[in-house]
Each structure stands twice: as C-alpha cells, then as structure tokens.
Amino acid sequence: SSALIPQNDIKVIGFSSQCVEGGNPSEDGEATNLLDGDELTYWHSDWKNMIGVAQYVSFDLGKVYTLSNLTLLPRKNQSSPGAGDPLEIKLYGGTTTQDLTYIGSYAFEKNGNVLANRDDYVRAYLSTNPQVRYLKVEVVNMGGNINNRYTCFAELRFYGSPVAEKT
C-alpha cells in the first residue's frame, strides 16, 4: 500500500534558487518550507537574479521507497494568484545522488496560465512506481501573468511504501 512518507524523514539536499529573508530579493521563500507542514509558507525561486526555467528542489527521502505519487499545494496569500504556479514538472530519482534518472513529466490541470484548482493539492501519479531515495523535482512550466519567470508553491508531499533492505 502507498502511504504519506513522513515529512520529518525528508531533507532538502539542493535547489536551483530560493528567496531568503534579508537576501536580494528579501522574502521567506526557502526550499525547506515545502516540507514544514505550514500551508502559508512557501518555496519561491529567486525572481530577480535566477529567473527562468527550469527551477528545481532535490530531496533525500531518508530511505528507499517505491514511489506511487506526489502532491503539491499552490502558494496561498498572493497579490497575483497563480503567479509562479508549477504547471508542469519533471521528476528524476535514484537510490544514490549519482544515479538520478528521468522518471517522467507531469502536467497539472490548468485554467489559462494558472492551476485549475488553486485551493487544494494537485497530484501526479507515477505509473512506473520507481524505487528511489533521492528525488529531483524540476518545474519546467510556470504560470502567471509573466510565464516562466519564477515558481513558487507551498507544500510538497510524497507517497510510497518502504523497500525492504537487502540482508
């Protein structure tokens, strides 16, 4: 069966860019916000210095899982709702950080250039059910009034079942 992988076991191990408090631009958009369980915090790629596609965050799930799906929650409390929505992602995974391979590309339902349902998690089903410990989630199509300039979203959750360790 496929269950939510505990957020506390997952670590952010890399990212393309982020906006941090006191940085330039100043914003609390750290990549680790994707795992904090708080729907009002968010990851925001650096919209001033590192603009454009693709933007990514890499994760260590803590152990190997057979991954079945992932969900992400759009950013809340935006002055321009939908700006930076992740409309399409590419997923890479592996059992070591050196063997990441392409898993698939996933487009979410959209309404124009924003996600169709911005109030709830959107889901990507992984038909191949890859066995991975390390994941790279790459946003390759970003919505909003200025397409593909930056991305931001609130939460990211992974679902799967642990793989028994070989003895």
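The exercises below work through a predicted model of one protein.

**Exercise 1. Describe the secondary structure of the protein and the order of its elements.**

Step 1. Count the elements: there are 11 strands and zero helices.
Step 2. Read them from the N terminus: the order is β-β-β-β-β-β-β-β-β-β-β.
Step 3. Turn to overall size: the radius of gyration is 15 Å, close to the 15 Å that the globule rule gives for 167 residues, so the protein is as compact as a globular protein of that length.
Step 4. Add the extents: along the principal axes, the C-alpha trace spans about 50 × 35 × 25 Å.

**Exercise 2. State what share of the residues is buried and what share of the contacts joins residues 24 or more positions apart.**

Step 1. Of the 167 residues, 49% are buried.
Step 2. Take the contacts with a separation of 6 or more; residues 24 or more positions apart account for 77% of these.

**Exercise 3. Characterise the exposed surface and the placement of charges.**

Step 1. The protein exposes about 8,100 Å², and carbon and sulfur atoms supply 46% of that area.
Step 2. There are 14 positive and 19 negative charges.
Step 3. The mean positions of the two sets are 4 Å apart.

**Exercise 4. Locate R75, decide whether it is buried or exposed, and name a side chain that it contacts.**

Step 1. R75 sits in the loop between β4 (55–74) and β5 (86–94).
Step 2. Buried means under 20% relative accessible area. The value for R75 is 13%, so R75 is buried.
Step 3. The R75 side chain makes a polar contact with the side chain of Y42, at 3.2 Å.

Key: Residues numbered from 1 in each chain as written. Predicted model: local features only at pLDDT ≥ 70, side-chain atom pairs only at ≥ 80, totals over all residues. Heavy atoms only, no water. Helix = DSSP H or I, 4+ residues; strand = E, 2+ residues; numbered from the N terminus. Rg over C-alpha atoms; globule rule 2.2 N^0.38 Å. Buried < 20%, exposed > 50% of the residue type's maximum accessible area, 1.4 Å probe, protein only. Contact = heavy atoms within 4.5 Å. Areas by Shrake-Rupley, 256 points an atom, 1.4 Å probe, with all protein chains shown as cover. Lys, Arg positive; Asp, Glu negative; His and termini not counted. Charge placed at Lys NZ, Arg CZ, Asp CG, Glu CD. Polar contact = N/O pair within 3.5 Å; in protein donor to acceptor, adjacent residues only side chain to side chain.
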